[in-house]
Amino acid sequence: SLSKLQLKTGDLDPRLFSRLRHLQKLDLSDNLLDKFPNSLTLPDLRVLNCSNNKLEDVTALKQFPLLEELTYENNVYLTLNDDYKVMFLLQNLRLLNGKDITKLANHVRRVNSRKLTSKVTAHWEKFFRDQLPEKYTAEQVKSIRKKFLKSVQTNVVYGPSSLSEFTRWRVKMIAEEFLACSLGVELNSDTETEEKTDENEEESTESPREAAEDMAQVGDFSSYISNVTVTPSKRKRNRSKSSPGNKRSKTQANTEEEAALNPKKSSHEDVSAEPLHFLQCHSKGNSREDFKTQLWSCVFEPVLDSGARKDPIVSSSRTVATCGGESVCLIDCETGTVLKKYKVATEEFFSVAWTTLTMEISDSRKKAHNILAAAGRRGIVKLIHVAADFCYGEIKAHKKPIATVCFSPTQETHLFTASYDKRIALWDIGIPDCDYNFKASQLLVLETASIPLRIALVPTCPEQYLLAGCEDGCFAWNIKLDKGQKSRPFEAIFQFPDEESMTTSHRVDGLAFLNDDVVVSKSSKPGCIYLWSWSRSFDAKGKGCQRTMSAVILAELEWSTTDMSYLTLSTCPAREYVFCGDEKGSVWMYNLSSYTPAWGSAKGKHSERRIPPTQILQWPELRVNGEQPPEILVNNVVADPAFTYLVVLTSVNITAIWKKS
């Protein structure tokens with residue numbers, strides 16, 4: 001036992017350890033180890049405990065081939081991907097962090113490996129075999145090897161996105177072994193142990209998802225809702241009939257289960273997006289009868305582009321954070337798996353936002369990690385280090401509920417919080433040290449005339465101007481920090497058409513930028529979504545505060561005639577799409593790529609004709625235990641940056657995930 005000795009990696013002297021030829025149990029828990037030296041040897045080691053360290057990588061554990069029991073809990077930089085790596089590398093491993101992983105490990109070592117090998121081989125045959133001439137030079141082999149390894153890691157996909165790092169690690173290994181056998185290309189010196197297969201060994205018949213449940217980072221999927229029938233349908237350019245509804249407030253909400261609805265896809269309809277999953281993962285008290293919890297906000301996780309977990313292969317994440325009731329969930333959109341869940345019993349979450357912080361891990365080394373901010377009714381911002389499954393802090397930002405939060409795209413520690421106290425605050429959340437100590441400070445307070453509902457930073461100058469849609473209008477503030485004034489009134493309020501005149505007084509419950517200049521905003525005027533030019537509407541040269549400016553309208557989008565509020569909109573700038581849900585569970589989609597070139601010119605004029613939706617995705621005929629859910633309002637709908645997935649949040653505790661065909 002070498003526990004609690006403040007040991008660092010350099011203290012594990014291979015000259016000493018290599019003499020311990022018969023050591024079977026080793027306890028290195030509660031130390032400061034960030035990795036294992038490669039040459040400890042220990043040929044007879046069977047049990048290893050290295051919990052409560054700072055380990056970042058597990059591949060060096062392959063030097064202990066007889067290891068049967070391994071514990072490395074509370075190493076915050078190790079993830080599910082590392083669990084799968086050790087299961088593959090250590091052929092005799094039975095217990096991992098106290099759990100019997102025999103079935104899952106058998107699947108990983110054999111079924112998973114065989115499927116990946118088949119995919120790698122097929123990728124070579126289809127795209128690369130014909131690129132090599134019959135007689136090839138070493139230089140040609142080197143070139144094609146480089147291209148093949150990059151291509152195969154990009155295109156060979158298997159299992160959930162939470163395991164994408166493990167999959168690419170195995171794909172690279174398999175690809176290098178394949179090249180070594182086929183072309184005589186030498187393996188890299190750092191290539192991991194070749195997989196061992198035995199044709200006579202019994203296969204695992206579990207699916208990867210079934211097997212992975214043994215290692216799931218959230219609770220079991222305790223209740224699946226049965227007898228679900230889904231029939232997707234679409235309408236083109238049809239306007240919804242009027243369905244008057246009362247203006248509503250955010251009701252008291254609930255949550256607590258990972259129950260899934262399994263839709264049957266309709267194969268006879270030509271739809272541009274198909275329903276993949278219907279999830280009830282925010283239920284209060286795990287109740288399958290909970291169709292009251294309102295779901296409010298969702299945002300896709302950014303892809304890490306630096307640090308040890310650098311991921312150059314993936315351009316867009318398929319993991320989305322959703323919030324509603326007392327919980328925040330992380331969902332894999334492809335598989336419908338709830339990867340993680342965070343719950344505060346006395347909270348009702350209204351908004352979530354991501355940022356990527358470069359954190360110091362040990363010995364002054366740094367690594368990028370995604371941090372999730374979540375806020376709601378209590379006026380408190382929770383800061384969650386997702387990879388570590390750890391809520392490391394909170395900011396008591398407001399005394400009233402927080403309607404929405406967003407991070408600055410240029411200053412990763414700058415967080416804006418918009419509250420029912422009629423203030424928008426800018427915070428520097430700081431960067432936590434290796435013990436998660438951090439210091440948050442308030443940098444700015446923006447005074448609003450009414451409750452702010454949506455906020456957006458101007459893309460061309462995100463450190464200078466912020467736009468907010470409020471209960472009583474659309475406002476802009478100068479947020480430049482070199483100005484001395486910490487508390488600031490709004491700089492401009494925008495006028496919009498209303499009947500025969502212009503008005504500043506209207507509820508703006510949808511606000512987003514379509515590109516660097518075009519703003520999309522939704523007002524309480526029924527059936528109306530405006531597109532307008534920021535640069536032509538805002539007079540940056542004018543002096544004084546609280547000026548009234550007329551929004552230069554570029555176009556109007558045809559939308560539902562409901563007067564229901566808080567059905568917000570979103571944009572997908574890379575694909576030039578606008579999305580907005582309605583009071584009947586439908587999603588209105590507008591492809592505006594053919595309009596934006598004209599709007600970009602100074603002569604772009606307001607079109608008198610409203611632009612109809614390119615398509616309306618109708619809520620499927622969804623029956624739960626033979627009954628239709630109650631009235632379905634779409635509170636929010638968000639696409640990932642590449643518009644592969646569309647996540648629809650409803651008023652009836654159902655998250656619907658659609659995939660673009």
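**Second largest pocket, cysteines and lysine 35**

The second largest pocket has a volume of about 1,400 Å³. Among its 47 lining residues, Cys298, Val299, Cys406, Thr571 and Val638 lie closest to the centre. A pocket here is an open set of points on a 1 Å grid over the protein atoms alone, where a 1.4 Å probe fits, with protein on both sides within 12 Å along at least five of seven lines; lining residues have an atom within 4 Å of a point. The volume is the space filled by probe spheres set on the points, which are joined across faces, edges and corners.

The model is predicted: local features need pLDDT of at least 70, side-chain atom pairs count only at pLDDT 80 or more, and totals for chains, interfaces and linings use all residues. Residues are numbered from 1 along each chain as its sequence is written, and side-chain values use heavy atoms, with hydrogens and water left out.

By class, the pocket lining comprises 31 nonpolar, 11 polar and five charged residues. Nonpolar covers Ala, Val, Leu, Ile, Met, Phe, Trp, Tyr, Cys and Pro; charged covers Asp, Glu, Lys and Arg; the others, Gly among them, are polar.

The structure holds zero disulfides, defined as pairs of cysteine sulfur atoms within 2.5 Å. The closest cysteine sulfur to that of cysteine 281 belongs to cysteine 329, 4.0 Å away and too far for a bond. For cysteine 333, also in no disulfide, the nearest cysteine sulfur is that of cysteine 298, at 8.4 Å.

Lysine 35 contacts Thr9 and Leu55, leaving aside neighbours within four places in sequence; contact means heavy atoms within 4.5 Å. The C-alpha atoms of lysine 35 and glutamate 56 are separated by 6.4 Å.
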